[in-house]
Amino acid sequence: MHAQDTELRKELHCTIYPTNSLQKLKYVVICSYCNGKWLLSKHKKRSTWETQGGHIENGESALDAAKRELFEESGVKDAELYYVCDYCGYDSLSSADGAVFFTKIYELGEMPESEMEKARLFDTLPDELTYPLVAPKLIEQAELYAIKQKLI
């Protein structure tokens, strides 16, 4: 199943929707920005880089899930989160809806014990992305939002 999971991640696509358009959000994606660079995390079981994010837990708001996932997957200690848009991620087997957040980081902390091995700042997105068809598109949406709101 591992090889199939890798292939499905590579073929994952997404469609962007305005904020609060989708009703049953399952995931959050956090596009994290610090001093002119994007913060990406590397999962312990993969050789690729990804935005922070994950499942919204029962009873948890999208914003609360984004705050939790941001800390768990990067160790960020101080940041502001902004709800950018909704998205639908889909591959040949399934689809799920989520919320995208832009995060302006003020203070990085130590990586907590989690499924992530490390986090790193990038001037430009690396070629080795876990979701190569989705991450650039979501980061572009976050960047456009941040510029429009004069956050960067």
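**Cysteines, a pocket and a helix**

Let me begin with one residue, C88, which counts as buried because its relative accessibility is 14%, and the cut-off for buried is under 20%. Please keep in mind throughout that what we are looking at is a predicted model.

How many disulfides does the structure hold? It holds 0, and we can look at two of the cysteines in turn. C14 is in no disulfide, and the nearest cysteine sulfur to it, that of C85, is 8.2 Å away. C14 is also buried, with a relative accessible area of 4%. As for C88, with which I started, it too is in no disulfide, since the nearest cysteine sulfur, which belongs to C14, is 8.7 Å away, whereas a disulfide needs the two sulfur atoms to be within 2.5 Å. For those who have not met the term, a disulfide is a covalent bond between the sulfur atoms of two cysteines.

Let me turn now to the pockets. The largest pocket has a volume of about 760 Å³, and 29 residues line it, of which R9, L12, Y27, Y87 and Y131 are the closest to its centre. Which elements give two or more residues to that lining? They are the helices α1 (2-11) and α3 (135-148), together with the strands β2 (25-34), β5 (52-55), β6 (78-90) and β7 (95-107). If we sort the lining by class, we find 14 nonpolar, 8 polar and 7 charged residues.

The next element I would like to describe is helix α2, which runs over residues 62-74. Its 13 residues reach 18 Å from the first C-alpha to the last, and this is close to the 18 Å expected at 1.5 Å a residue. The buried residues of α2 are A62, A65, A66, R68, E69, L70, E73 and S74, and what covers them includes β2, β3 (37-43), β5, β6, β7 and β8 (116-122). After α2 comes G75, which has a positive phi, near 80°.

That angle brings me to a general point about the backbone. Most residues other than glycine have a negative phi. With that in mind, consider N35, which is not a glycine and nevertheless has a positive phi of about 50°. N35 sits in the loop between β2 and β3, and it is exposed, with a relative accessible area of 72%. A second case is K150, again not a glycine, whose phi is positive at about 60°. K150 belongs to the segment after α3, and its relative accessible area of 72% makes it exposed.

Each of these two places holds another residue that I would like you to find in the structure. In the loop between β2 and β3 there is also G36: is it buried or partly exposed? With a relative accessible area of 39%, G36 is partly exposed. Along the chain G36 and T124 are 88 residues apart, yet their C-alpha atoms are separated by 9.9 Å.

In the segment after α3 we find Q149, which counts as partly exposed at 42% relative accessibility. Q149 and Y82 are 67 residues apart in sequence, while in space the distance between them, C-alpha to C-alpha, is 10.0 Å.

Key
Residues numbered from 1 in each chain as written. Predicted model: local features only at pLDDT ≥ 70, side-chain atom pairs only at ≥ 80, totals over all residues. Heavy atoms only, no water. 1 Å grid on protein atoms, 1.4 Å probe; cavity = no way out; pocket = protein on both sides within 12 Å on 5 of 7 lines; lining within 4 Å. Points joined across faces, edges and corners; volume = space filled by probe spheres on them. Helix = DSSP H or I, 4+ residues; strand = E, 2+ residues; numbered from the N terminus. Nonpolar A, V, L, I, M, F, W, Y, C, P; charged D, E, K, R; others polar. Expected span 1.5 Å × (residues − 1). Buried < 20%, exposed > 50% of the residue type's maximum accessible area, 1.4 Å probe, protein only. Contact = heavy atoms within 4.5 Å.
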